[in-house]
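Reader: Please give me a close look at a single part of this model, the meeting of its chains, and then set that part in its surroundings.

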Amino acid sequence: MENNNKVTLKINGIQVTVPAGSTILEAAKIAGINIPTLCHHPDLETSGVCRVCVVEVNKGRPLQAACVYKVAEDMEVETATPVVREARRLNLELILSRHPQDCLSCVRNQKCELQDLAESFHIEEISFPIKGKAYEKDDSNPSVVRDQEKCILCRRCIEACIQLQGVEALGVANRGADSTVGPFFNKPLQDVVCTFCGQCIHACPVGAIYEKDDTARFWEAVAAPNKHVVVQTAPAIRVGLAEEMGMGVGSLATGKMVTALRRLGVDRVFDTDFTADLTIIEEGSELVERVTGGGTLPMITSCSPGWIKFCEHYYPDLLDHLSTCKSPQQMFGALAKTYYAEKSGINPKDIFVVSIMPCTAKKFEATRPEMHDSGHQDVDVVLTTRELGRMLREVGVQFAELPEEEFDKPLGISTGAGAIFGATGGVMEAALRTAYVLVTGQELEEINLYDCRGLTGVKEAVVPVGDLEVKIAIAHGLANARKLMDMVRKGEADYHFIEIMACPGGCIGGGGQPVPTTMASRDKRIAAIYREDERMVLRKSHENEAVKALYDEFLGKPLGEKSHHLLHTKYIPREL
Amino acid sequence: MEFYRNHILVCTGEPCVLKGALEVESILLTELQKQGLENEIRVIRTGCLGPCNVAPVLVVYPEGIYYSGVKPGDVQEIVAEHLVKGRPVTRLVGTDVEKRVDVVYQVPQILTGQERVVLRNCGIINPDEIVEYIGRGGYEALGKALIHLKPEEVIEEVKSSGLRGRGGAAFPTGLKWSFTASGEEKYLICNADEGEPGTFKDRLILEGDPHAVLEGMAIAGYAVGAEHGFIYIRGEYTLSIERVQRAIDQARKLGLLGKNIFDSGFSFDVEIRVGAGAYICGEELALIESIEGKRGEPRYKPPYPGQTGLWGKPTVVNNVETLANVPHIIEQGAEWYKSIGTPGSPGTKVFTLTGNIKNEGLIEVPMGITLREIIYQLGGGIPDGHSFKMAQTGGTAGGCLPPEMLDVPMDYDELAKVGSALGSGALLIMDDRHCIVDLLKCFMRFFNHESCGKCTPCREGTPRLLELIEKIMDGTAVKADLDLMAKLAENMEISSLCGLGQSSPKPVLTLLEYYQHEFLAHIEDKKCPAGVCKKLQVKGVV
């Protein structure tokens, strides 16, 4: 019986009632049947191109792609007839026969959807001679490598770039078997609008897109006797690393992470959460100054390097809206080679700053020419969650069994406000917790600002701060950022403060996080971030004693001359 | 009205233009002037007259004498002999001594036995003059529809006429119209991206009678409630683009396109969009993507264009020939239309004859005519004493039929029964000098070039088929390769995303079925019976 929004159909003879508008793939899942897919991704509108999910609908021909074909009342679907199985197998073999067979040396070995399919289809022999493709790797940029030889033309990267990020750095060129995926005119990513956010990596079912591996530079620094290696860990690593090391999605493992890094031989384990707290002081002061002094509003956060590059390409006319604060990673780098160097009596040229980031764009950010304010490259190497995981596995660190250790002082001291930087809305929430004090001189009573939280694409709120009704907006994923920025450009964005993070869900869903990263896993990681916040004794940035000491001993005051020099930056308009 | 004692129709279809028709025309005008005949004899350009293999062609009325293969040097003689002295130049009309042309006296053989509905004006009127179209009853059907019929009555009439899509898919046109979703904004698209090799009927309709297509579009627009029409013409069809644009301008001037046509309250206008030469853009959703400014690639369906088409709005896409049938159906009624052709495939069909056939060119005949009648009567048979080997119906994505099937009626359903298709109406005739495997290679090379690359079976399957065919021609194939070919082709047919991948295996499957012996001769005996495959033994040599 069809009632308003339910449809009843039969899949392999099993009657199932599903929401109207479901695809056959979704309906089959409800009926307990998994249909194999390759070009389908749960977070993206699928283009239905790989034809691995074909099924028989009402005994008809041609077969239909379950990932895009919608269910209808009384439909009869067969998912495992000889014809269906043969077609799927042949299509899979056709794909495999154009794909390199060197799984053992692939970055996605054992995390590859194509490999999984070959295994579950029990492919023993491929009916066609293996005919690879000869394309040059694009490793033109510091962040993302594209290896088209491995590309299976599923187009998920293109869809992620368009649908999640609104960027369209990638498209299809050429026709037929010569089709390629890449930037237009086959330009390297370096020369196009790519923000290096790395969301295409999460979209890719195989090893055709991956982070640039910088682990060798880490090992080299650790082995060099004259190098003092200090590590900072981004807020999102403590909820990503455990997952990367085989623990459940959304596992929180701050202490194990610290221990693991020490086991790799680094000299100090510090925390980006520390400079996240510092960012709140600087950025909060900047906001207060702009609001009271008639500066450019709305002010927009500047922690997310993918977002910054996006803004430089697409909204170069609005760069004044960006907070001049460097990201916490870069503040850390600049301070490690000045404040920490002074304090510890180590020559800054011997200090090697390693960032563990959930982010591929951070690799790019560290190489920006502006990021040399300490007199050296402020951050020497940026490693993603996956690269750290790889190193730990190589040297046999039993992550789940590790004891929990504390960060080193003083750059490892942080508050819950710093921790929530890892999730969408977190910077805003942290800023409001402190801005309240800056403006009113009083502490906020309810510090859990739920309006800032969650996976809604664009969030808005009005927060009373003393006499002022502070109007805020939050976007995550650049496609959502575009909505807000178009409003800003039209003068329709009546906000004081906007938070933008390039990646869906914020940094916990960054391009350097464990594979797979989906909306479902982003959600669980976000929950873990807030658990971390709740766990902290101090949850407001201005309560961070180490930050206070930093100002007393070194910086002077927020937005002061030294801060200006070390903690603030400028932006470069870029071409489309 | 001015009176002329003779009208000379100069065919300005593309083949004639390429072979110098415009030069012939300009010399003709000069010669007439020299003889002081410019006020007695009128020279008119027309669309394709049909016998393209003997281009350029002129017809002199009222005698109705066809001159073919006319060279600039012949013009003076035609004027002096025929138009001044009244003596037709027989060497240019009959079986001439130089064997330069091969047509019977007066009317070429290809033009006998046709039944012209869609082409009724082609070669008769000047396509650049709207008044000539109107003079032959043009735009009366539009008037009838707008003033006397409700949109649903127009749909009903077309539905009951049994008209099926002439682009190749053969979907019932009236039904397609009736499936159009409701909505404020809708679009009507005329698909003139005629890309099927060997097909040129749409071009000749557009060149010869562009108003028939515009009138059909306006009626279709009225029926489905679309006020915006696009005609998507392939870029190579420069003459079609030029003539359709002129026709649009003229129709707008007379109020036959634009706001409030015939004071009926219905508005409709047409814009041309020019394709860039990709075969796939003839697929309706790829065409829509292309109009939207995107890479021309099919979308998955459903949703069909009638629900979600151009810019997400309900859209009807019809082929040129389909639309050119519409005014006639509205004017003369569904019953009349059904009296032509077969019950399942009513009406006429325009076919284009190419390959090893005496009379290459364009014909319009009732559906249901047999392949044999087309080849041996209108087509004049196989030239140079060779025998018929194979006919590919429906274009390169059509099936290939052997001599035993010459009596198959040209009808959508009958051809489907034998694994082929009527398709666009292309007929490729091959004689005994051709090797089946070599032909298949030509077909697959085409599809290998034209597969858009979107879905796996077509993108990866086509080059694999080509690889296997080359193996057969090299003598390195084994019998199991034929099974693999069939498997690949069947897989493309059932699991490709769009009509291209679903139909391009047709020649593979039909050739494997009907010419298995020839494939086996290549594989098992290492011989090419036709002596074409160079790496294999020639026939007769053991």
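Author: Domain bounds here come from an automatic or database domain assignment. For chain A that assignment gives domain 1 (6–96), domain 2 (103–211) and domain 3 (226–567), and the C-alpha centres of domain 1 and domain 3 of chain A lie 43 Å apart. The model is predicted, so local features need pLDDT of at least 70 and side-chain atom pairs count only at pLDDT 80 or more, while totals for chains, interfaces and linings use all residues. Residues are numbered from 1 along each chain as its sequence is written, and chains are lettered from A and ligands numbered from 1 in the order in which they are written.

Where the chains meet, 25 residues of chain A are in contact with 25 residues of chain B (C-beta atoms, placed from the backbone, within 7 Å). The element that gives the most to the chain A side is helix α2 (residues 82–96) of chain A, with six residues (helices, H or I, of at least four residues and strands, E, of at least two are DSSP runs numbered from the N terminus). By class, this side of chain A has 16 nonpolar, five polar and four charged residues (Ala, Val, Leu, Ile, Met, Phe, Trp, Tyr, Cys and Pro count as nonpolar, Asp, Glu, Lys and Arg as charged, the others, Gly among them, as polar).

Following α2(A) across to chain B brings us to α17(B), against which α2(A) packs at an angle of about 105°, with the axes 10 Å apart (axes are lines fitted to C-alpha atoms, for helices over the stretch in contact, and angles run from 0 to 180 degrees between N-to-C directions). The two helices, α2(A) and α17(B), are therefore roughly perpendicular to each other (65 to 115 degrees, with under 35 roughly parallel, over 145 roughly antiparallel and the rest oblique). On the chain A side of this packing stand Val83(A), Ala87(A), Leu90(A) and Asn91(A), which meet Lys487(B), Asn491(B), Ile494(B) and Ser495(B) in α17(B). Sorted by class, the residues of this contact are four nonpolar, three polar and one charged.

Within chain B, α17(B) (residues 479–495) also has a helical partner, α16(B) (residues 456–474), and their axes come within 10 Å and cross at roughly 160°. That angle is why α16(B) counts as roughly antiparallel to α17(B). From α16(B), Pro457(B), Cys458(B), Gly461(B), Arg464(B), Leu465(B), Leu468(B), Lys471(B) and Ile472(B) take part, and they meet Asp481(B), Leu484(B), Met485(B), Leu488(B), Ala489(B), Asn491(B), Met492(B) and Ser495(B) in α17(B). The classes here are ten nonpolar, three polar and three charged residues. Asn491(B) and Ser495(B) thus appear in the contact with α16(B) and again in the contact with α2(A).

To place these helices in chain B, the domain assignment gives domain 1 (6–110), domain 2 (130–338), domain 3 (348–387 + 402–429) and domain 4 (436–538). The C-alpha centres of domain 2 and domain 4 of chain B lie 36 Å apart, and their contact takes nine residues from domain 2 and eight residues from domain 4. On the domain 2 side, those residues divide into seven nonpolar, no polar and two charged.

Elsewhere in chain B there is an open sheet of four strands in the order β7-β6-β5-β8, with parallel pairing (two strands pair if DSSP finds at least two bridges between them). Its edge strands, each pairing on one side only, are β7(B) (269–274) and β8(B) (315–319), and neighbouring strands are turned by 25° against each other on average, direction ignored. Strand β5(B) (residues 187–192) runs parallel to β8(B) and is joined to it by five bridges, with Leu188(B) opposite Val316(B). Helix α9(B) (residues 210–224) packs on this sheet, touching β5, β6 (228–233), β7 and β8 of chain B, and its direction makes about 150° with that of β5(B).

Back in chain A, strand β1(A) (residues 6–11) runs antiparallel to β2(A) (residues 14–19), and six bridges join them. Thr8(A) in this pair stands opposite Thr17(A), and in the hairpin, which has two residues between the strands, Asn12(A) takes a positive phi near 50°.

Terms used: Two residues are in contact if their C-beta atoms, placed from the backbone, lie within 7 Å.
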